[in-house]
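Biologist: I should like to go through this structure with you and ask how each description of it is justified.

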Amino acid sequence: MSKNMNKDVIKFLRESYNMTQRDFARIVSCSFSLIALVEVGKRRVTADLENKIKAAFDLDDQQIQSISTVVSEFSKGLPPFM
């Protein structure tokens, strides 16, 4: 499992495509409850789920790393604009 695929990356992907958790689960071929539990931190992102997400959205490890970096920076808060 990639350390970069986490609940924040999944939520970012889902919201970027303007999908509900149900829509996202359908595209990824997993249960809606799994996505809901992952997003609230009650379930881990398994290798199987990560692979399904990568396949569904045609993503590779480098793209996941880039998304993870962006999400991580946003979660720290944006610097004030000058």
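**Reasons behind the descriptions**

Biologist: What does K54 touch, leaving out residues up to four places away in sequence?

Modeller: This is a predicted model. In it, K54 touches L59, D61 and I64. The place of K54 is in helix α4, residues 47-57.

Biologist: Why is K54 called buried?

Modeller: The relative accessible area of K54 is 13%. Buried means under 20%, and K54 is therefore called buried.

Biologist: Which residues of helix α1 are buried?

Modeller: In α1, residues 7-16, they are V9, I10, L13 and R14.

Biologist: What puts these buried residues on the same side of α1?

Modeller: They cover an arc of only 130° around the axis, and therefore lie on the same side of α1. An α-helix has 3.6 residues a turn, so residues three or four places apart point the same way. The buried residues of α1 pack against α2, α3, α4 and α5.

Biologist: What makes the pair formed by N6 and D8 at the start of α1 a polar contact?

Modeller: A side-chain oxygen of N6 reaches to within 2.9 Å of the backbone nitrogen of D8. The cut-off for such a pair of N or O atoms is 3.5 Å, so this pair counts as a polar contact.

Biologist: Which residues touch the most other members of the largest nonpolar core?

Modeller: Of its 20 residues, these are I10, F24, L49 and I53. Two or more residues of this core come from each of α1, α2, α3, α4 and α5. Beyond its neighbours within four places in sequence, F24 has contacts that include I10, L13, I35 and I53.

Definitions and conventions: Residues numbered from 1 in each chain as written. Predicted model: local features only at pLDDT ≥ 70, side-chain atom pairs only at ≥ 80, totals over all residues. Heavy atoms only, no water. Helix = DSSP H or I, 4+ residues; strand = E, 2+ residues; numbered from the N terminus. Buried < 20%, exposed > 50% of the residue type's maximum accessible area, 1.4 Å probe, protein only. Contact = heavy atoms within 4.5 Å. Arc of directions from axis to C-beta. Polar contact = N/O pair within 3.5 Å; in protein donor to acceptor, adjacent residues only side chain to side chain. Core = buried A, V, L, I, M, F, W, Y, C linked by side-chain atoms within 4.5 Å.
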